[in-house]
Amino acid sequence: MKKKFICAVAIGALVVGCKPAMDLDKPGAVNAEKLVSAASNDAEWLSYGRTYDEQRFSPLNAINAENVSGLNLAWFADLDTSRGQEATPLVIDGKIYISTAWSKVKAYDAVSGKLLWEYDPKVPGETAVKACCDVVNRGVAAWGDRLYLGTLDGRLVALDRATGKEIWSKVTVDQSKPYTITGAPRVVDGKVIIGNGGAEMGVRGYVTAYDAASGDEVWRFYTVPGKPGENEDQPHLKKAEATWKGEYWKIGGGGTVWDAMAYDPDLGLLYIGVGNGSPWNQAYRSPGGGDNLYLSSIVAIDVKTGEYRWHFQETPGETWDFTATQHIMLADLEIGGKTRKVLMHAPKNGYFYVIDRTSGAFISGKNYVPVNWAKGLDPKTGRPIENPEARYDKTGKPFIGMPGAVGAHSWHPMAFDPKQKLVFIPAQIAAFPYFPEKDWKPKAQGFNIGLDQGAGAMPAIKAARDAAKAATKGALIAWDPITQTERWRVPYNGPWNGGVLATGGNLVFQGNATGSFAAFASDSGKQLWSFPAQTGIVAAPITYKIGNDQYVAVLAGWGGIWALAPGALSDVSGPVRNISRLLVFKLGGKAKLPAPPPLNKMPLDPPPQTAKADVIARGGYLYGRYCGVCHGDAAIGGAIIPDLRHSGMLASADGWQKIVHDGALKANGMVGWSNVMSASEIDAIRHYVIKRAHEDKDLEE
Ligand code: CA
């Protein structure tokens, strides 16, 4: 095939040398005009949040509150992964494109469901240990005739949209460090923008823009300063230095941009949500405190140059894993008799923020769930008025935080109905025990957060577990951003329910942790329809129109951090399984799912407990630090990876070493831990899990 090139001579003033060109005018090409006017394109879904303002509202109303009871499955596609499915599909020119767990991409005919192509970037299994929160991917981006994918191991890949063939691939991170990519890229004017994750492990956050045609880096924006003296060329980092103390750069500082971005084409501003500090515990990250800019902030960047414009910090001196990476949404709202260009945000810290997106000025903020870490926000500046007891990093005492690390709202996309002027928030009510660790040191592998996760583990006491379950909830909240009040809510028994879609049919669609996919009336919250999806749903639905038919599509498949870490709380919404599928609905759809496998609960049958108490205690500490985040708090596993209390290796000290010390199962994601633990320490973990299995067996009997 002949390649086209744009050369300096051909385009006059732009002295850029020769670069491979992309034809943005040919039919079907996604270009700037299409993306800027996406709100009026109801046939397709061209970018992660549908439009640059990321409102996730479609004007389609063929499916509406009057007829949604006739909605049924049109087709479905089984996936070849069984981990969390968090992606928002794209629909372009009659085809639907998804990314799945392990960063795979698939293309289907959007009417028939026929598989057109699939792409596997072959992410090494051992990359899983760098991922705080499952091997998920939230979606691809489109530009020209290409798709762009961020892979778990830190690559940005350009694919031919017609064939799925790889065009170029760039490593965007230092792969010797625990960086991952789970977020969807965004494309603005031929620049592909991608962030990364890893602030639980010890990295420095940034976002990078790459040329969509060539894959060349255009700019990189760091969110936290490097070593003092090394920030001279970037004024925003030089300014941030004074807000940090100690040797923060040695562990990275955090501030990863792992999910949300939005873009205002009139202002030329890209908005990014910046993540938590690394480590969480500020006493170790920045001893003596400081605001630690730009952690837990919304930052506005000039998209052409990558230069800082403004920031709004939601949680100064972040110490609770309160990221500001949650969904960012833009709208023009009538506030106090004036039309304001606003940015709306419901971050982990529990407050709903309305910010002036031209300047970053605080307009209003109010908590949308119960909050105990702060007593409110300063009405002028929006700065939180902290509860001193919440600062476990200063007091050295444990604090049960509300919200906790899972957040009052995580990555699950919201939606905004511009007619109702309502934001629909997939909210979470879930506390977290922050137990500061004395004399903590970072290690070469695993979580590095400055907490004693073993000490914070849930005890094997039925009353304590029941109380924690009763206090852990979820809700779909319809929030009025102008008055900062709740209009209605759909209560759930637990958190980690799906992302949201709003439509012109007076409908809000959301899947949930109980395995159902449902539609609610936007104006009242009344449930009008539901579908038994057989699996927990965490991803956000989309809608599109082909011919006369409106379709609603959602990726189903339980996963993410709540499917791994919460231990005794993992079944707070009821038993759940992962059946990973793309589900596509239309009025009068005729497809049927096969019967699901039964939800069997295996009895616990651990080997005899032989170890001394001090060995078990040491094992409990190490389990909390290295194992619990994936295998579950207090060794109670979730639904998607093995529950160690049932492991056949509990009775085999040698087999346990082969896996946990030597890494025999690293291709599956279970790496060896010999770089941070000795064989006897690893055996202590085995004895701890045996003890935990006995305790839970006694509780069940
Ligand atoms: Ca985090």
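Q: Ala, Val, Leu, Ile, Met, Phe, Trp, Tyr, Cys and Pro count as nonpolar, Asp, Glu, Lys and Arg as charged, and the others, Gly among them, as polar. On that scheme, what makes up the lining of the largest cavity by class?
A: The model is predicted. By class, the lining of its largest cavity has 13 nonpolar, two polar and two charged residues. In total, 17 residues line the largest cavity.

Q: Which residues lie nearest the centre of the largest cavity?
A: They are Ser47, Tyr52, Glu54, Arg186 and Val187. Tyr and Val count as nonpolar, Glu and Arg as charged, and Ser as polar.

Q: Which strands each supply at least two residues of the lining of the largest cavity?
A: Three strands do: β9 (141-143), β13 (186-188) and β18 (261-264).

Q: What makes a space in this structure a cavity, and not a pocket?
A: A 1.4 Å probe fits in a cavity but cannot get out, whereas a pocket is open. The structure holds four cavities of 30 Å³ or more. The largest has a volume of about 120 Å³. The second largest has about 40 Å³.

Q: Which residues line the second largest cavity, and what are they by class?
A: The lining consists of Ile181, Thr182, Gly183, Ala184, Ile194, Gly195, Asn196, Val257, Trp258, Asp259 and Met261. Six are nonpolar, four polar and one charged. Gly counts as polar, and this lining includes Gly183 and Gly195.

Q: What makes an atom a donor of the calcium ion?
A: The cut-off for Ca is 3.2 Å, applied to N, O and S atoms. The protein donors are Glu200 (OE), Glu200 (OE), Asn276 (OD1) and Asp321 (OD), and they lie 2.3 to 3.0 Å from the ion. They therefore count as donors, although the site may look incomplete because water is not among the atoms.

Q: How are the donor residues of the calcium ion spaced in sequence?
A: The spacing is E-x75-N-x44-D. Glu200 and Asp321 are 121 residues apart and link distant parts of the chain. Glu200 is in the loop between β14 (191-194) and β15 (206-211), and Asp321 in the loop between β22 (307-313) and β23 (328-335). Both Glu200 and Asp321 are buried.

Q: Why is Thr88 called buried or exposed?
A: Buried means under 20% relative accessible area. Thr88 has 1% relative accessibility, so it counts as buried. Thr88 sits in the loop between β4 (71-78) and β5 (90-92).

Q: What makes the pairing of Thr88 with the side chain of Arg56 a polar contact?
A: A polar contact needs N or O atoms within 3.5 Å, one able to donate a hydrogen and the other to accept it. The side chains of Thr88 and Arg56 meet at 3.0 Å and make such a contact. Beyond four places in sequence, Thr88 is in contact with Trp45, Tyr48, Arg56, Arg138, Gly139, Ala540 and Ile542.

Q: How do you know whether Trp143 is buried or exposed?
A: The limit for buried is under 20%. Trp143 has 4% relative accessibility, so Trp143 counts as buried. This residue belongs to strand β9. Its contacts beyond four places in sequence include Met22, Leu24, Val187 and Ala212.

Q: Why does Asn281 count as buried or exposed?
A: Asn281 has 2% relative accessibility, so it counts as buried. Its place is the loop between β20 (277-278) and α3 (282-285). Its side chain reaches the backbone nitrogen of Ala283 at 3.0 Å. Among the residues that Asn281 touches beyond four places in sequence are Thr319, Tyr392 and Glu437.

Q: What is the form of the peptide bond that joins Ser278 and Pro279?
A: The bond is cis, with omega about -5 degrees. Pro279 lies in the loop between β20 and α3. The bond from Met402 to Pro403 is also cis, with omega near -5 degrees. Pro403 is in the loop between β29 (399-401) and β30 (415-417).

Q: What is notable about phi of Ser103?
A: Phi of Ser103 is near 60 degrees, a positive value in a residue other than glycine. Ser103 has a relative accessible area of 0%, so Ser103 is buried. Its loop runs between β6 (95-99) and β7 (105-109).

Q: Which residues of helix α7 (residues 653-660) are buried, and what do they pack against?
A: The buried ones are Gly655, Trp656, Gln657, Ile659 and Val660. They pack against α8 (679-700).

How values were computed. Residues are numbered from 1 along each chain as its sequence is written. This is a predicted model: local features need pLDDT of at least 70, side-chain atom pairs count only at pLDDT 80 or more; totals for chains, interfaces and linings use all residues. Side-chain values use heavy atoms; hydrogens and water are left out. On a 1 Å grid over the protein atoms alone, a cavity is a set of points where a 1.4 Å probe fits but cannot get out, and a pocket is an open set with protein on both sides within 12 Å along at least five of seven lines; lining residues have an atom within 4 Å of a point. Grid points are joined across faces, edges and corners, and a volume is the space filled by probe spheres set on the points. Helices (H or I, at least four residues) and strands (E, at least two) are DSSP runs, numbered from the N terminus. Donors are N, O and S atoms within 2.8 Å of the metal (3.2 Å for Na, K and Ca); water is not among the atoms, so sites may look incomplete. Buried means under 20% relative accessible area, exposed over 50%, partly exposed in between (1.4 Å probe, protein chains only). Contact means heavy atoms within 4.5 Å.
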